Structure formats: structure tokens, C-alpha cells
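Please look through the sequence and the model below, and keep both at hand while you read. The paragraphs that follow move from place to place in the structure.

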Amino acid sequence: MQTLDNEIAEKILSKKIEKAEAMRIFDGLSESDKLELISKIKSKLMDTSGGATSSKRLKPLDQRDLEDSHRSFIEKLTESYEKFVYKSKQNIPKNHYHFVDQRRNFHLIKELKQMHFQVTYEKADGAYIHDIDGNKYIDISGDMGVNIFGHKPTFMVDAVKAALDRGIPLTGYSETIHNVTKLISELTGHDRVLFTQSGTEAVVVATRMARAATNRKKIVLFDGAYHGLSDVVMVMRGMQGESLAAGPGMLQEFADQIIVLKYGDKESLDIIEAQADEIAGVLVEPVQSRHIYNKPVKFLNELRNLTIEKDIPLIFDEMITGFRVTPKGAQGVFNITPDISTYGKIPGGGLPTGLVAGSKKYMDLIDGGTWEFEDDSMPKSKRVGMGGTHSQNPLKIAASYATMSEIKRRMEVSKNCNYFSNDCECLYCKLNIKTMRMVEELNQFFIENNLPITIDIFGSLFRFRFVDSYWGITEALMFLLMRMNGVETNIQGNCFLTTAHNQEDIRNIIDAVKKSLKTLIKENFFYEAKIEPQIESVPVAMPKPVVKTAPKNEVNIGNSQLQQLKDLLLRDLKKISQ
Ligand SMILES: Cc1ncc(COP(=O)(O)O)c(C=O)c1O
């Protein structure tokens, strides 16, 4: 069966192939890929300026464009919100001095400051979160990707309680750790498995292994990916393609050892080929959770071939996608096996963990490889530094074993399984299809209402994307309203369904999204934008290329002058660019 990659989608969209050929390719796709392609086409049509959909497409209001009516809506909303989560808000001034949390100021918009605080949770069960004000939300935050079976599944609670009863000795081995590593190998197809304390640590260890294996220095990673907190990989791509330390306190010396390339771009493969002698490893988030729409399968296949040819270890960071889409993660969908994989989140069963799994050749770098009691064998491989007081903490090992066993159990019912089939009862088919149906309905709603929003999806991971704006006041309000309408998301943007979400929950999620957006439409937080003339390569910042429709009863005196001024500016800019 053909897999969907961006190139096929692009060819179909750009009509570079005949309709009959397009249909042949389409028919060869799996059901899931067909649906995905349809939503890609729809979102592409929204993206393309000048297309029928795009000419009608609304724009989300930005905080700089607020008018009195919007401010008065925000004022009223603030009042009701403060009542709605009263105790949670009271908690902030009482406690924020002692409790440091970087996420507190994430996406903070001054105009919504009064509503910008994290809710205090009281408990979580199944698909729901309860806060201290007595509100119950359907949780689609997925605990940042950790949660796949809903909160507090009995099998997990029992396993952790039983582990607690046995005490939590940190040195020595347990039967559970032997069982779980074997099981993870079975589920992922990787030879050997290492537990770390976090995903960040797993990535650090994986890059260290790659450097040790090759005696080379540089690590390639791709723009748009996130690989955890460490200085080793928190590196950005600058305007000229240079590598830059990602923020204060991070040393440029670390960034200098990283090559940040464009993801999915053929030129990146050429660069890797040209600099292969220096490259210790290529680190990829195969489907970047912040750019889910980009699934460059062909690129990944070529990257796999190239790294084999050049003997460069390929590392897939499947922290979010691992055990989420298939047991192996994206590699299970794309049929590409990296040398090393990093996992985390789901295999911790709700407790903190990271995993490094991979071929014996590389994993032996941790413990030197196996040796036997009966003969004179000794560890053969050199060893990299590795430790971690809580790497094998029995509580998380128990939670991990419970989760992995449940995944295995729910995969045993699979038949004709490609992880996205309608007639398979396995965990992933059911969860992936359930999510896809929900996303389909919502994407349809966005199109019908000319909303500049689309939801990108990969298995049960999905993300709302405002098509041509990034985190303005309208988007922030949508998430606040969704909370007031009973759906809890995560400010960081990734959303997830779990096996605990039933059809009624999904109906309620859809209704909450629609209701929240209808409110924003009614309150004029979306407006019609004029299509501006296109200018190529303008070397200075463009004036804001939108003209709002005049609010009712207001004479639109300034607009024609404004337009003339803009035209003038645009002509000037065009001259500069020539
Ligand atoms: C792809 C990826 N890699 C690494 C990490 C870091 O994992 P952790 O937060 O457990 O350190 C994350 C966290 O979200 C991630 O998404």
C-alpha cells in the first residue's frame, strides 16, 4: 500500500500529475491517508491566496486591532471567568512568589492578563480533570503526551500501589525491569533498552552514544524540532542558516557543534552528504509535534539510506509519537528503522521517564555489551558515561510495565492492522480513527465558516493551527472559551485523545470548539481581509496587509485614505526591492 508523503500531496495539489493518475494514487492510499490527504487539500486551499476559499477566508483579530466592543466583551468575559475559576485565581497571588514555573508566562497577552493563570486541579480520572472550583473538564491536554489510557486506569494504579507496598529500593534489579525491557524490545523491534530519568536525558545519552561510536563531533538536527532542555540540542537555525544557542545561559560553543537544517528539504541531504566526515549523528523528530502537517516520508527514506551509506547513526526522537501512533511511533507508520530511538512520556505510565532503544551495536556503548559467566568473555565495547539515581525507580518501572503490558494486550486483538484500519479492534486503529473522525468534523466546520483554522493530526495527537497568524488574542480567547465550555487543553498546543474518551466526550469536545468559535465570530473577533497585491522579496517589514470591515453603524471614513497610503507604501517598497 502506498504511503502518503508530502510530495504526492503536493503533486496532486499543484496538478502536476493527470487527474487519472492522481485518482490511481489516491485509491492506493490507506483509508487514513485518504482522509489525511483530503484535509491537506482543504487546508492547502485555505492557505493558497487567490483561491476561492482563501478569498472568503476570515482573519483572526490581533490584540493591536481591538476596538471598544472587543474590549467590552473581554471585560465581561473576565468577570465571568473570575467567578468560574475563583479559587484557582485566588491561589495565584498567594503562591506565585515561592512557586517558580516558566510556563506561567507562556503566551501571555497583556489584554488577557486577568485570565492568564493556570487552573488548580483537584483530581483527574478517565477522560476528565476536576478543578478546585468544582468544574469538570474533558481533558484533551493528554498530559503533554504522557496519557494514552486516560487518567488513573485501574491497571496502572494497582501496579504502582503494589510497587509502593514492596518499597522503592533504587539499586539492584527487579523482575519487573527484566520483563519490561524485554517487552519494550518486542513492541518497538529494537534490540536493547535503557531507562533514563527524562526525555531530555534520553536525547543527551543518544547523542553521546553517536559521538562515541563515530569519533565525530557534529550532530545534525532540524529546524522546528524540540529535543528537550539540554544545552546539547537547544539550538536554533538563524536567518543565514547558522546555528545559534537557543537562549540566555546556553553557550554558543554547544551550538557550534550542531548543524540545524531545514526539515524535509532535499538541500539538507546534500549538506549531510557533503559534511558526512564530521557528522556524528542525525537527530530527527520524524513528525515534529509543533508542525504535525509536515510528514516528509520520502525525505526520511532518503535520509535513512544516506546515513547507512555514510555510516552515520540515525536517531529518531519519538518522545511524543512513540507508543502514541503505533507501538514504535512514526517509524511504525513510515516503515523506517533508525539506529537509535528515544522515547518517553507514554512508557512512563504517568511517571517520569525516558528511554533509549536501539540496535545492539550502539546500545552496547552504555554497558559494554553482554558477557557470559561460563567463558572468559568481557565487555567488548567502549562505554559512555551514564547514570541517574532514578533511572530505574521501581515505581515508574512498575507503571511502565503495566502500560506496556496493556498496549500488548490491546494489540493482540488486531487483524489486518495497519494502525489506521476501520475494521480492526486494536488499540491504535480504534484510537487513531476516533481522533481522525473528530478532526474531520471540526476541519469541515472551519471550512464551512471560512475560519482560518485547521487541525493537524498524527494518530491521536492533534493541534489547532491558525493558518496565517501565530498566537494572537483570538486564538488565546478560543482556548479560554473552550475551558469555560468544559474542555481543558494545554497552553503549549499539543492535544491528544485517549482510550478513555467516549463518543459522548468527543461530541462534547466538538460542540465546545464550535460554541467557542461561534461566540468569537459573533463578537467580531474574525473579520474579512482584503487580498493585497503580492510583492516579492520586500526587504523591510510589510505594512499590515489587512483592512477590517467597518463595524455596523460606523461610517468608514478613514479606510479609503488608509488604502491610498498603503498603496503608496507598497509602491515604494516595490521600488526598493527592484
Ligand atoms: C520530541 C521531544 N524530545 C524530547 C523531549 C524532552 O522530554 P522531557 O520533557 O521528558 O525531558 C520532549 C518533551 O516534550 C519532546 O517532545
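Asparagine 215 sits in the loop between helix α9, which covers residues 199-214, and strand β6, which covers residues 218-222. In this predicted model, the phi angle of asparagine 215 is near 55 degrees, a positive value in a residue other than glycine. That deserves a second look, because most residues other than glycine have a negative phi. Is asparagine 215 buried or exposed? With a relative accessibility of 65%, asparagine 215 counts as exposed, since the cut-off for that word is over 50%.

A positive phi also appears at histidine 107, which is not a glycine either and whose phi is about 60 degrees. Histidine 107 belongs to the loop between α6 (86-95) and β2 (121-125). Its relative accessible area is 16%, and histidine 107 is therefore buried, the limit for that description being under 20%.

From these loops we can turn to a helix, α5, which runs through residues 68-84 and has 17 residues. From its first C-alpha to its last, α5 reaches 24 Å, close to the 24 Å expected at 1.5 Å a residue. Which residues of α5 are buried? They are His70, Phe73, Ile74, Leu77, Thr78 and Tyr81. When one looks down the axis of α5, these buried residues fall within an arc of 140 degrees, so they line one face of the helix. The general geometry helps to explain such a pattern, because an α-helix has 3.6 residues a turn, so that residues three or four places apart point the same way. The face of α5 turned away from this buried side carries the exposed residues Asp68, Glu75, Lys76 and Lys83, while the cover over the buried residues includes α17 (473-484) and α18 (503-522).

The last stop is the ligand, and the residues around it include Ser198, Thr200, His227, Gly228, Glu285, Asp317, Met319 and Ile320. Gly199, Tyr226 and Lys345 are also among the residues around the ligand, and each of these has a polar atom that can be followed in the model. A backbone N or O atom of glycine 199 lies 2.9 Å from an oxygen atom of the ligand, whereas a backbone N or O atom of tyrosine 226 lies 3.4 Å from a nitrogen atom of the ligand. In lysine 345 the side chain takes part, with an N or O atom 2.9 Å from a ligand oxygen atom. Taken on its own, the ligand has 390 Å² of accessible area, and the protein covers 82% of that area.

Technical notes. Residues numbered from 1 in each chain as written. Predicted model: local features only at pLDDT ≥ 70, side-chain atom pairs only at ≥ 80, totals over all residues. Heavy atoms only, no water. Helix = DSSP H or I, 4+ residues; strand = E, 2+ residues; numbered from the N terminus. Expected span 1.5 Å × (residues − 1). Buried < 20%, exposed > 50% of the residue type's maximum accessible area, 1.4 Å probe, protein only. Arc of directions from axis to C-beta. Contact = heavy atoms within 4.5 Å. Near = heavy atom within 4 Å. Polar contact = N/O pair within 3.5 Å; in protein donor to acceptor, adjacent residues only side chain to side chain. Areas by Shrake-Rupley, 256 points an atom, 1.4 Å probe, with all protein chains shown as cover.
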